[in-house]
Amino acid sequence: MRTRHLSVLLAGLTTITTAAFAPASAAESDRWQVPVAVKKLDNGLTVVVSEDHSSPTVGVSVVYHVGMRLEPKNRTGFAHLFEHLMFQGTPTAPKGVFDQVISGGGGRNNGSTRADFTNYIEVAPVSALGRILWLEADRMKTLDFNPTTLKNQQDVVKEEIRVNVKNQPYGGFMWIDIGQHAFQKWENNHDGYGSFQDLENASLADVQSFHRDYYGPNNAVLGIAGDITPAEAFELADKYFGAIPGRSTPPPPDYSEGLNTQEKRVNQTDALAQVPAIAAAWKMPARGSRDHAPMAVLGSVLAGDEASRLYQSLVKRKQVALSVEALYGLTDPWTYNGPTLYTLFALYKPDSSADAVLAAIDEEVAKIAQGGVDAATLKRVKTKMLADWYNGLESYIDRADTVARMQTLWGDANVVNKIPGWIEAVTSADLQRAAKTYLTRANRTVIDRRPTAMAAPAAAAPSGQN
């Protein structure tokens with residue numbers, strides 16, 4: 001479900017809003033509050049600023065509210081392909097200028113595509129901020145649409161797929177294949193990396209339409225963190241972005257899905273893998289729902305680190321697995337805006353089996369569902385989650401990106417300051433409820449991926465990318 005209330009919350013907002021939470025307890029009053037100031041420009045661009053003068057640098061993030069979920073049908077991988085094209089120049093700043101200006105000013109930049117957003121990030125000395133904003137505004141206006149660039153980036157993306165998927169053990173099955181089987185709707189279950197055929201079929205008209213429809217200022221959030229005041233940042237944002245007209249954005253389809261009602265089991269073979277692996281995934285609670293924070297904490301209790309329930313059980317005591325880790329779609333427990341999976345990915349021993357791994361997982365889940373989690377464990381997990389959250393906000397580039405993503409997906413950049421309280425408020429009873437509701441066999445999708453040499457030919461279904 002795409003966030004529809006963002007426009008309502010910000011409609012008509014022309015004044016500055018800042019983080020100002022009244023503390024409900026001594027613990028909250030002692031908690032670090034990330035400075036947040038928000039302003040919406042007349043053209044619809046939302047600007048979020050986090051002032052911090054501890055270093056003469058700034059982080060910048062431009063987040064567009066479009067990702068793999070909204071790419072055109074029969075154009076799988078298009079959102080990611082488009083991310084590549086955003087670095088290929090404009091009529092005003094030809095290919096290479098973007099990187100040269102930012103690296104020449106002592107900065108660095110990157111971009112990424114996820115299910116619900118695409119982000120473009122930079123960090124540099126504060127003296128380079130004007131140039132960065134000019135470059136970002138320039139490619140928000142238009143790109144250098146030409147067939148040579150398109151063909152070049154189609155080949156680049158295909159090579160990326162060959163390197164990262166086709167020629168890698170396990171081939172990303174724990175985040176590509178698992179979603180194809182767990183979800184019912186195309187928006188949620190197609191391969192966001194894309195098939196070679198769909199990538200090759202992308203046309204210049206597709207590129208121009210995608211930029212027109214989804215890359216306007218009214219579908220974007222600009223995050224700035226670092227050595228600048230909100231007033232200065234808002235003035236610069238208006239200077240460079242204010243004249244870009246807002247553009248009509250197509251209404252999103254309904255890609256909501258309920259929990260699954262029957263377990264799905266899939267067998268695959270892998271010619272490059274040395275040991276078998278399993279991915280077990282469950283649909284997550286809706287973002288912002290009552291069970292969202294409990295499920296995030298439960299995920300960490302189960303597989304957050306080497307002290308987690310599943311690592312201690314599967315790897316240490318039972319010794320059926322070599323490793324176990326948790327994934328939340330392609331992001332983290334807080335950064336999604338539609339159907340998302342909590343996935344456990346484990347490498348298991350050749351003399352064990354997927355059934356043995358699943359039985360051990362079910363055993364630990366049942367313990368939590370029946371008896372909850374002891375106070376010491378819950379405190380340890382919460383402390384680590386809070387430390388990880390705050391550590392992730394330390395660098396300006398990560399903080400700018402986080403507040404911009406929170407504003408994009410939640411409609412509220414101050415979620416960055418609310419998440420610690422949500423974590424701390426989770427109780428053992430909440431974990432019991434989440435385990436009983438979501439970590440059920442009926443809501444589970446499983447892929448057992450075994451080395452080709454180990455699999456019986458008749459028992460294994462071929463794997464592979466389109």
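Here is a quick tour of one annotated stretch, one strand pair and the enclosed spaces in this protein.

This is a predicted model, so to speak: local features need pLDDT of at least 70, side-chain atom pairs count only at pLDDT 80 or more, and totals for chains, interfaces and linings use all residues. Residues are numbered from 1 along each chain as its sequence is written, and side-chain values use heavy atoms, with hydrogens and water left out.

**The annotated stretch**
- An unreviewed UniProt entry puts "domain: Peptidase M16 C-terminal" at residues 202–384; such annotations may be inferred rather than shown by experiment.
- That span is 39% helix and 20% strand, and its end C-alpha atoms sit 44 Å apart. Helices (H or I, at least four residues) and strands (E, at least two) are DSSP runs, numbered from the N terminus.

**A strand pair**
- β5 (residues 108–113) runs antiparallel to β6 (residues 118–125), with six bridges between them; pairing takes at least two DSSP bridges.
- Four residues make the hairpin link from β5 to β6, and N110 has I121 in β6 as its bridge partner.

**Enclosed spaces**
- A cavity is a set of points on a 1 Å grid over the protein atoms alone where a 1.4 Å probe fits but cannot get out, and lining residues have an atom within 4 Å of a point.
- There are four cavities of 30 Å³ or more, and the largest holds about 410 Å³; volume here is the space filled by probe spheres set on the points, joined across faces, edges and corners.
- Of its 30 lining residues, A115, W175, N188, G329 and L330 are closest to the centre.

Terms used: 1 Å grid on protein atoms, 1.4 Å probe; cavity = no way out; pocket = protein on both sides within 12 Å on 5 of 7 lines; lining within 4 Å.
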